[in-house]
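Student: I've got a structure open and I'd like to test the labels people put on it. Can you walk me through the reasoning?

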Amino acid sequence: MVHRRSLVAGFVLLLLLTSTATASLIDGGEIHNDSRVMAWYDLGDGGVLTVDASGTIVEHQWVAGVLQKAKQLDANVSVNTIRFDAAAGLVAVGHDDGATVLSVASNEVVRDIPTVDPVEHIDWDAGGDLWLVHNGGVRQAVEYDQFGASGARTTVMNGGVASFLVLDDGRILTGGFDGTVLIHADDGTQDDLITGLGGAVKVLVEDGLILWIGLADGTVHRYSTTTWQGGFVSSSTTPVTSISLDGGFGAYVGHQNGHVRHVDSSLSIIGSFQATGSVLAVTVNEDGSLYLVSTTSSSTRVRLLDVDSDGDGIADAQDAFPNNADQSSDGDGDGYGDNADATDGDAFPNDPSQWSDRDGDGYGDEADGTMPDAFPDDPNQWLDADGDGVGDNDDDPEGDVFPEDPTQWADEDRDGYGDNPAGYRPDDCPTSNGFSTNDRRGCTDRDLDGWSDPDEGWTVANGADAFPNERTQWTDSDGDGYGDAQDGVRPDACPTVPGASIQALVPVIAEVTTYTSEAMFGCPDEDGDGWADASEVGDGMADNPTEHLDQDGDGVGQRTDYNDTNALVATIEDHCRLAFDDVRDICLGIRSVEYQDYLSTLNESERGRMTYTYWNATVANGAGARGFDVRLVKQVAMLAGLVFVGMTAAILTVSATSKKRALSASAVQKTFVGFGEGDSIADEALTGHAGLSARGGVEEDALWQDDPMESEASKPVGDPESPSTPPEDEATEAFSAIEAEEERAPAEPSPLPEEEATPSSAPPVPESGLPEGWTEEQWVHYGHQWLAKQAED
């Protein structure tokens, strides 16, 4: 169980602080200096409990300003972390092999919990169970009840747990090295978090409904544990090592550099003090004085902040001369007062071996004393650690810039490399401040990649940076402008072969005919199209600056090839000659020998305007059937003639046996059947099925009278005036006339249409060509409507 100060004690302490707030605290000096401890707990009533790294637990008591040992017990473990339960008198120690709980009263181990991983942090929950934090393995807190691990554990912090705290209400906090605080329920389930704190969370302290957070960057945060809202203040520039509550909703924040800042509840700094070493704790005494507890690498020190009676700046408890404003101490006992400015003052009040300092540089003149002045008459120099004859004070223009290196002492350009070429790590550019380290030392390195920038005396060939403005690249083995570092910017994919490529074709996995592009810099690209030659697909593509992909292997690149998936089709002409089912005008024209022969007689401008449709309508034997081959027209005409002869004979035979006559001489009316309700020819064309519906036309049966009107065909068979069949020589004469017409030279064509005859508003033809069954003329007039209809669908 974790117990905090009672509300009563806190209220009393608040009154004490309020009563002494107007009194100035001054440094009363160190009142305790002993071996180093890891933890310092104020027991109240002058009692103190300390724990050192070896597991020695000591109970002390302040007696007349002196800390005296009262009791000692040993955990006999190497301590990683400590947590003290003052109410229960128990100390929990976390070590590499687990956790040990000792009773201060009985000096006995009351519990031992072995673990596989070291215990880095430890705390009790409200039910008396221990939570142990492991960073070596799971990086989370694990609960141990009286039977062992209970199974409850917190969320893993991948960056490690830097601090740990169980709140009074049972919630569990883990502070991470990543600047995050995870908030868990009492069963370890995470239910909230605080992020973006800016530094490792070193200290977590609860104060009622307030959580104080100290960070490694020196800032301290104060959050409400109910809303998790708060703020922060930068207390110092070094890590926070302790937060001690002042009892008035403020806190004393201790830092690694010995700074102590008194921060109130509004996060304002209202006091500042200095201790020696890293601050371990601040104890607020009943009289308002403070103990600043700090540790160095080998000691624990307690500094008193007290009242100064004689006004000499020395606390009464430490003033050897409390009524003498000129002298207050003789710390070294050498007979000289420690105030050097007064008569018989000691220039070195803490050094019995030194008291005089002729040049006033702070180093004693006694050669046999401590830290004697190697230059007693030179106020700018006093030490020569490396024995090179040059004083170590770097503030002196003549001082040793390298006080621990007897081979170097000067650094004209102040870049950290010595000017002596025969010394250790000499500066290759002694008059130019630079930070290169790889090819040369101390030379200009604009991109700070460690490689020096080239100059007249040191080129890329000597090892200088081939890319002085790009820190991720520095060498270019093949000299093509792309760096050799594969993890750098624009890496050379062919570092030993010069090239100018910037990308490559890469086949998409599981898609045989699909390629994608990937960056590939610096590989051979003979045609200069940017594509690496080795990646270009198809014979000749590597030599073609406008092409890089030929999937069907016909030697024609994808950009030019009409169909790059068929090696037989490279142009529209190839397509039309193979696709006989393509009856678009352009294909009909390509397949028409007569049309092609006629085009050969025209100049370039005329050919551009002489479409197959126009030619077929105006030139080819005067035919007007748009979209059909002339030869086809001739064949149809011949067949029609034969059909006509047969039908004529049939009509004459039927009329000879018919007895009916026309019941009415009224004009014959015919109805044109449409393409469906509300449809029209234009509507059918817009759907891409012009003339294909097989619906519409003249509906004859419903419009003729019951009996046919009398006609020449109704005369009896055998009537001399109406022979049943035309003479054979007449049919022969008719077909001969058709053949003669075919052999006749083409009629003089009508004037070619002007180039601007096509409406300027004609829409662009779709990439797939004209819709099925459409002519170019239809597209000119109805294309806009077709496109609009497709957009609606």
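Student: What makes E14 and strand E15 (residues 172-176) a pair?

Tutor: This is a predicted model, and in it five bridges link E14 and E15 in the antiparallel sense. Pairing takes at least two bridges, so they qualify. One of the partnerships is Val161 with Gly176 in E15.

Student: Why are strand E14 (161-166) and strand E17 (190-194) called edge strands?

Tutor: The open sheet has the order E14-E15-E16-E17, with antiparallel pairing. E14 and E17 each pair on one side only. Neighbouring strands here are turned by 20° against each other on average, direction ignored.

Student: What leaves one side of strand E22 (240-245) without a neighbour in its sheet?

Tutor: That open, antiparallel sheet is ordered E22-E23-E24-E25. E22 and strand E25 (269-274) stand at the edges with a single partner strand each, so one side of each has no neighbour in the sheet. E22 is joined to strand E23 (residues 251-255) by five bridges, and Ile243 has Val253 as its bridge partner in E23.

Student: How do you know that Asp373 has no salt bridge?

Tutor: The cut-off is 4 Å. For Asp373, the nearest side chain of opposite charge is Arg358, 7.6 Å away, so the criterion isn't met. Asp373 is buried all the same, in the loop between strand E28 (299-306) and strand E29 (503-507).

Student: What does the side chain of Asp373 reach, then?

Tutor: The backbone nitrogen of Phe375, at 2.8 Å. The limit for a polar contact is 3.5 Å, so that distance falls within it. Beyond its sequence neighbours within four places, Asp373 is in contact with residues including Asp359, Tyr363 and Trp382.

Definitions and conventions
Residues numbered from 1 in each chain as written. Predicted model: local features only at pLDDT ≥ 70, side-chain atom pairs only at ≥ 80, totals over all residues. Heavy atoms only, no water. Helix = DSSP H or I, 4+ residues; strand = E, 2+ residues; numbered from the N terminus. Axes fitted to C-alpha atoms, helices over the stretch in contact; angles between N-to-C directions. Buried < 20%, exposed > 50% of the residue type's maximum accessible area, 1.4 Å probe, protein only. Lys, Arg positive; Asp, Glu negative; His and termini not counted. Polar contact = N/O pair within 3.5 Å; in protein donor to acceptor, adjacent residues only side chain to side chain. Contact = heavy atoms within 4.5 Å.
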